[in-house]
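Reader: I'm new to this one. Could you take me through a single part of it up close, and tell me how it hangs together?

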Amino acid sequence: MVWRALAAMLMATAPVLASPPPRPKLVVAIAVDQFSAGLFDQYRGRFTGGLKTLQAGVVFPSGYQGHAATETCPGHSTLLTGRHPSANGIVANQWYDRTLGRQVYCVEDPAHPVPGRDGAPRGPGKMLASTLGEWMKEANPASRVFAVAGKDRAAITMAGHDPDGVFWWDDERGFNTYLTAGSTAVERLAPVAAFNAALIAKWTTAPPVWRPAGRGCPASGADTFGTLNIAHSIPPAGNTGAWNKPVNLRYLRGSPMLDAVTLDLAQSLIDRFRLGRGAAPDLLAVSLSATDYVGHRYGSEGPEACDNLAHLDRALGVFLGRLAALKVPVVVVLTADHGVVDAAERVAARGVPAQRLAGDIVRQVASAVQTELKLAYLPLQGDAQQITITAPGDRDPATDARVEAAAIRLLKVRPEVFQVFTAAEITAAVPRPGVPVDEQTLAERFHQSFMAGRSGDIVVAYRPYVTGSYPPTFAPPAAYGDTVASHGSPWNYDRRVPMIFWWPGASGFEQPLPVETVDIAPTLAKLFRVATPPLDGRCLDLDGTAAGDSCR
Ligand code: ZN
């Protein structure tokens, strides 16, 4: 009797055997912008919708964006290329182009005009690696590849070259796209035209309002830190009414409604094109941008971020339910493009010393170097992390060397600066084989972000928890600033993101050891049984048994 009870007890506590992933007819790759592993850890026990469902699959809570420039464009570029930015060319959101003499945007692409956006062409022209969608089409031209996102750079870098459709939210036009040679706006926008029209009609009569999701997030509050006042409320001030006016649509970005409409469009594309039910396997990439906008604008630890995640959880639950109802083999992967750290002021108020950059550090150092070396021009350009040495006309190597030495000396004495590297030092810091991604040196992390000709001549690592500067008059949301909280550093809180693989009926496992986002593309390619070019990532075995092997 006792033995039988004990046996029953053991049966009850025995781990459920893992179910292997199916050979998919449809893969849905979801990026939640700025969904750090820290946020996943913090909230994962509170999810009741899609983010709970997904946890029945294979959970890697320590996925890593291996590179250092933890921004949106590089982060999305690793997901379906299987390559680090050092190989796929997307080294940052923007970089200084010496030939053009200005900063260029990562998806700026003169070959692809955007309807209604003269002078702002967008496309994959700067992406130097191919994507999963391209490998699928090469293996089977009947495969369809679509991407939909809140941001152009997210949709374009996940879709790769020559997708069947790539759509992103445009504040003034609804979902927009870019044109390919010989195509018209009417043709390229056909899959979203009715969707956009219905949305605008709906909002004209009933403007969407951000209502609390009712999941125990604090309803309001104000955190005041010196000149920074984050007045919390849901809906945030200014985020009500007049949604039919373009000027007010900007508030949509910093609200859960952005992800809701993005998922609705994803569903609409699945229905319209019968994705997963065609002659060949299909790929749908979805990037949900609201978490990023909300985190930047109100802080990643504010009530708005908490409530936004509750809305996301609910919306994903509906979306996954519809995917399961398709009754076709579908595999979902959910991850993020980078992490985040909350506003330095609130971080510091909550037990961890942190600081904010005092103004535009590159301009300050550039001015000081100009004065010291008596130059007629500002000799440095770039963002705070990647600085390019510039000169009008022909460059003089001796002057460049003096500029570099002076800039490095001035940067090193700044209290916010942790370490400064030259391009030569970063180029030499090839990651040591076999060293886990979370144990890499800072120089190794920057190496995986670095491409000569695009990356800066001087690379700066700031101290942990340093956040970017904000305008002196900053008062969100009136200033519409995106700099209360930030990311972009080489530190692991910005690199670590959840990576979850799920399919209907999945009973997976959790692997807490570090893996990489560049592993996603080779893992999915194996499930689809399509060949890949040489990649930086490796296939992750998802079936959880010694017998089976989803990587074979
Ligand atoms: Zn991002």
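Author: Let's start with the S-S bond of C73 and C106: the torsion about it is about 95°, so this disulfide is right-handed. Keep in mind that we're looking at a predicted model. C73 sits in helix α4, while C106 belongs to the loop between β4 (102–105) and α6 (132–139), so the link ties together parts that are 33 residues apart in sequence. The two sulfur atoms are 2.1 Å apart. And are these cysteines buried or exposed? C73 is buried, with a relative accessible area of 0%, and C106 counts as buried too, at 1%.

Now stay with helix α4, because T72 in that helix (residues 72–79) pairs up with D33 at the zinc ion, and D33 lies in the loop between β1 (26–32) and α2 (37–43), 39 residues apart from T72. The zinc ion is coordinated by D33 (OD), T72 (OG1), D337 (OD) and H338 (NE2), at 1.9 to 2.2 Å. Why call the arrangement tetrahedral? Because the angles that the four donor atoms subtend run from 94 to 133°, and the cut-off for tetrahedral is that all angles lie between 85 and 135 degrees. D33 is buried at a relative accessible area of 0%, and T72 is buried at 1%.

Back to the cysteines for a moment: the whole structure has three disulfides. One of the others joins C217 and C306, and that link is left-handed, with -80° about the S-S bond. Another, between C539 and C551, has a torsion of about -85°, so it is left-handed as well.

Technical notes. Residues are numbered from 1 along each chain as its sequence is written. This is a predicted model: local features need pLDDT of at least 70, side-chain atom pairs count only at pLDDT 80 or more; totals for chains, interfaces and linings use all residues. Side-chain values use heavy atoms; hydrogens and water are left out. Donors are N, O and S atoms within 2.8 Å of the metal (3.2 Å for Na, K and Ca); water is not among the atoms, so sites may look incomplete. Four donors count as tetrahedral if all angles lie between 85 and 135 degrees; four count as square planar and six as octahedral if opposite donors are over 155 degrees apart and all others between 65 and 115; anything else is irregular. Helices (H or I, at least four residues) and strands (E, at least two) are DSSP runs, numbered from the N terminus. Buried means under 20% relative accessible area, exposed over 50%, partly exposed in between (1.4 Å probe, protein chains only). A disulfide is a pair of cysteine sulfur atoms within 2.5 Å.
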